[in-house]
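Work through the following exercises with the sequence and the model side by side, and try each task before reading its solution.

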Amino acid sequence: MSHRRPAPCSRAARLGVLVGAGALALGAIGYGVGVIGEGPSIIPGPRTGGALAPQAAANGVDQAGAQWSPASDANYRPADRPNDYDIDRIVVHVTQSTAPIAEQVFRDPGHRAAAHYLVRADDGRITQMVREHDVAYHAGNWDWNNRSIGIEHEGFVDQPDRWFTDAAYRASARLVADIAARHDIPLTREHIVGHNEVPGATHTDPGPYWDWDRCMNLIQEI
Ligand SMILES: [Zn+2]
């Protein structure tokens with residue numbers, strides 16, 4: 001579907017541009033935040049139902065140990081993956097914000113974007129915000145949203161020493177490996193991609209300082 005293209009994450013951050021109702025609201029109370037997820041441009045589709053997986057009844061998450069903090073239902077589309085769409089890609093993002101701000105905007109219906117997971121920098125804590133069977137609006141590409149799971153990493157693309165921590169890489173690797181095992185996704189760079197590598201991407205995250213070799217080595221060691 002056609003949609004207005006959001007500004008790239010890094011450009012938005014560099015210019016201090018605030019995009020989207022959620023970001024605007026937060027900016028108004030003093031936070032600086034760029035575009036998180038794909039921005040406010042994707043119109044949600046109709047609700048299609050989607051049964052909860054058995055483990056959801058227990059704790060509401062797909063990933064063991066994750067905390068559950070549901071995104072606004074304006075920021076994803078209920079679905080029944082993999083029955084309606086195969087999941088064969090994992091998309092790596094960097095939030096261009098702190099984790100609390102990212103969580104706040106993903107809960108804001110005005111943001112119109114969210115990822116399935118958010119990884120905190122300092123300790124690798126994982127928060128799940130959209131169930132894996134649902135389609136989160138994170139990739140900026142309708143088909144890729146349908147086929148992928150999105151992981152946001154707290155931080156800023158141009159501050160790797162502060163935000164791309166060992167704890168975050170290790171927690172992310174465990175999460176990617178577990179998602180891949182659940183959905184039979186090959187552990188290769190063809191299937192584990194950066195947001196910037198999504199066809200038609202206008203976002204630049206995770207940026208040039210994301211250490212893909214380290215990331216993939218950790219994933220394959222698990
Ligand atoms: Zn992104």
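**Exercise 1. Determine in which sense β3 and β7 pair, and over how many bridges.**

Solution. Strand β3 (residues 89-94) pairs with β7 in the parallel sense over six bridges, where two strands pair if DSSP finds at least two bridges between them. Strands here are DSSP runs of E with at least two residues, helices are runs of H or I with at least four residues, and both are numbered from the N terminus. To place the register, take Ile90, whose bridge partner in β7 is Ile149. Next, turn to strand β4 (residues 117-119), which pairs with β7 in the parallel sense over three bridges; here Leu118 has Glu152 of β7 as its bridge partner. The model is a predicted one, in which local features need pLDDT of at least 70 and side-chain atom pairs count only at pLDDT 80 or more, whereas totals for chains, interfaces and linings use all residues. Residues are numbered from 1 along each chain as its sequence is written.

**Exercise 2. Find how many residues of β7 are buried, and which of them point one way and which the other.**

Solution. A residue is buried if 20 or more other C-beta atoms lie within 10 Å of its own, exposed if 12 or fewer, and partly exposed in between, with C-beta atoms placed from the backbone. By this criterion six of the six residues of β7 (residues 148-153) are buried, and the strand is mostly covered. In a regular strand the side chains alternate between the two faces of the sheet. In β7, Ser148, Gly150 and Glu152 point one way, Ile149, Ile151 and His153 point the other way, and all are buried. For the chain as a whole, buried residues make up 51% of the 222 residues.

**Exercise 3. Describe how α7 packs against α8, and which residues make the contact.**

Solution. Begin with the geometry: helix α7 (residues 166-183) and helix α8 (residues 212-221) pack at an angle of about 55°, with their axes 8 Å apart. The axes are lines fitted to C-alpha atoms over the stretch in contact, and angles run from 0 to 180 degrees between N-to-C directions. That angle makes α7 oblique to α8, since angles under 35 degrees count as roughly parallel, over 145 as roughly antiparallel, 65 to 115 as roughly perpendicular and the rest as oblique. The contact (C-beta atoms, placed from the backbone, within 7 Å) is made by Tyr169, Arg170, Ala173, Val176 and Ala177 of α7 and by Arg214, Cys215, Leu218 and Ile219 of α8. These residues divide into seven nonpolar, no polar and two charged, where Ala, Val, Leu, Ile, Met, Phe, Trp, Tyr, Cys and Pro count as nonpolar, Asp, Glu, Lys and Arg as charged, and the others, Gly among them, as polar.

**Exercise 4. Decide whether Arg112 and Asp184, each with a positive phi, are buried or exposed.**

Solution. Arg112, found in the loop between α4 and β4, has a positive phi of about 60° although it is not a glycine. Arg112 counts as buried because it has 25 C-beta neighbours inside 10 Å. Asp184 is found in the loop between α7 and β8, and its phi is near 55°. Asp184 counts as exposed because it has 10 C-beta neighbours inside 10 Å.

**Exercise 5. Locate the prolines that follow the cis peptide bonds from Arg81 and Asp205.**

Solution. The bond from Arg81 to Pro82 is cis, with omega near 5°, and Pro82 lies in the loop between β2 (76-77) and β3. A cis peptide bond also joins Asp205 and Pro206, with omega about 10°, and Pro206 lies in the loop between β8 (192-194) and α8.

How values were computed:
Contact = placed C-beta atoms within 7 Å.
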